[in-house]
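Biologist: Please take a close look at one part of this model and explain how its surroundings are built up. I should like each term to be given with its cut-offs.

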Amino acid sequence: MHTWTRKDGRHYTAWIDRDLYGLVVITAFGGSSRPTRFRSIPVASIEDGEREIDAIAKRRAAHGYVQQPA
């Protein structure tokens with residue numbers, strides 16, 4: 001599980017899991033004044049899921065988020 005936070009109270013979390021149809025990257029995001037929302041991104045393999053999480057990490061860093069230690 002990877003978690004990023006921002007100084008304004010927003011948070012973003014991503015992890016690889018299984019759903020009814022196969023592997024997905026699940027994301028949860030929100031903030032102190034926003035309810036948490038969830039999204040699932042289908043992936044073909046664990047490696048694809050890790051690449052998706054790496055891409056998410058780059059986008060979060062570009063938007064001012066800092067990754068939290070696991």
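Modeller: Ile26 is buried, because its relative accessible area is 17% and buried means under 20% relative accessible area, exposed over 50% and partly exposed in between (1.4 Å probe, protein chains only). The model is predicted, so local features need pLDDT of at least 70 and side-chain atom pairs count only at pLDDT 80 or more, whereas totals for chains, interfaces and linings use all residues. Residues are numbered from 1 along each chain as its sequence is written, and side-chain values use heavy atoms, with hydrogens and water left out.

Ile26 belongs to strand β3; strands (E, at least two residues) and helices (H or I, at least four) are DSSP runs numbered from the N terminus. Setting aside residues up to four places away in sequence, Ile26 touches Thr13, Ala14, Trp15, Asp17, Phe38, Arg39 and Ser40, where contact means heavy atoms within 4.5 Å. The C-alpha atoms of Ile26 and Thr5, by comparison, are separated by 17 Å, with their positions 21 residues apart along the chain.

Strand β3 also takes part in the aromatic pairing. Rings of Phe, Tyr and Trp (its six-membered ring) pair if their centres lie within 6.5 Å, and planes under 30 degrees apart count as stacked, over 60 as edge-to-face and the rest as tilted. By this rule there are two aromatic pairs. Tyr12 and Phe29 form a stacked pair, because their ring centres are 5.6 Å apart and their planes stand at 15°. Tyr12 lies in strand β2 (residues 11-19) and Phe29 in strand β3 (residues 22-31), so the pair ties together parts that are 17 residues apart in sequence. Tyr12 is buried at 7% relative accessible area, whereas Phe29 is partly exposed at 21%. Ring pairs join Trp4, Tyr12 and Phe29 into a cluster.

Arg60 adds a charged group to these surroundings. Its charged end sits over the ring of Tyr12, 4.4 Å from the centre, and also over the ring of Tyr65, 4.9 Å from that centre. A charge sits over a ring if NZ of Lys or CZ of Arg is within 6 Å of the ring centre and within 35 degrees of the ring normal.

Tyr12 is also part of the largest nonpolar core, which has 10 residues: Trp4, Tyr12, Ala14, Leu23, Val25, Ile41, Val43, Ile53, Ile56 and Tyr65. β2, β3 and α1 (46-62) each supply at least two residues of this core. A nonpolar core is a set of buried Ala, Val, Leu, Ile, Met, Phe, Trp, Tyr and Cys residues joined through side-chain atoms within 4.5 Å.

The helix α1 completes the picture. Its buried residues are Gly49, Ile53, Ile56 and Arg60. Seen down the axis of α1, these buried residues fall within an arc of 55°, so they line one face of the helix; the arc is that of the directions from the helix axis to the C-beta atoms. An α-helix has 3.6 residues a turn, so residues three or four places apart point the same way. The buried residues of α1 pack against β1 (2-5), β2, β3 and β4 (34-42), while Arg51, Lys58, Ala61 and Ala62 are exposed on the other side of α1. After α1 comes Gly64, with a positive phi near 90°.
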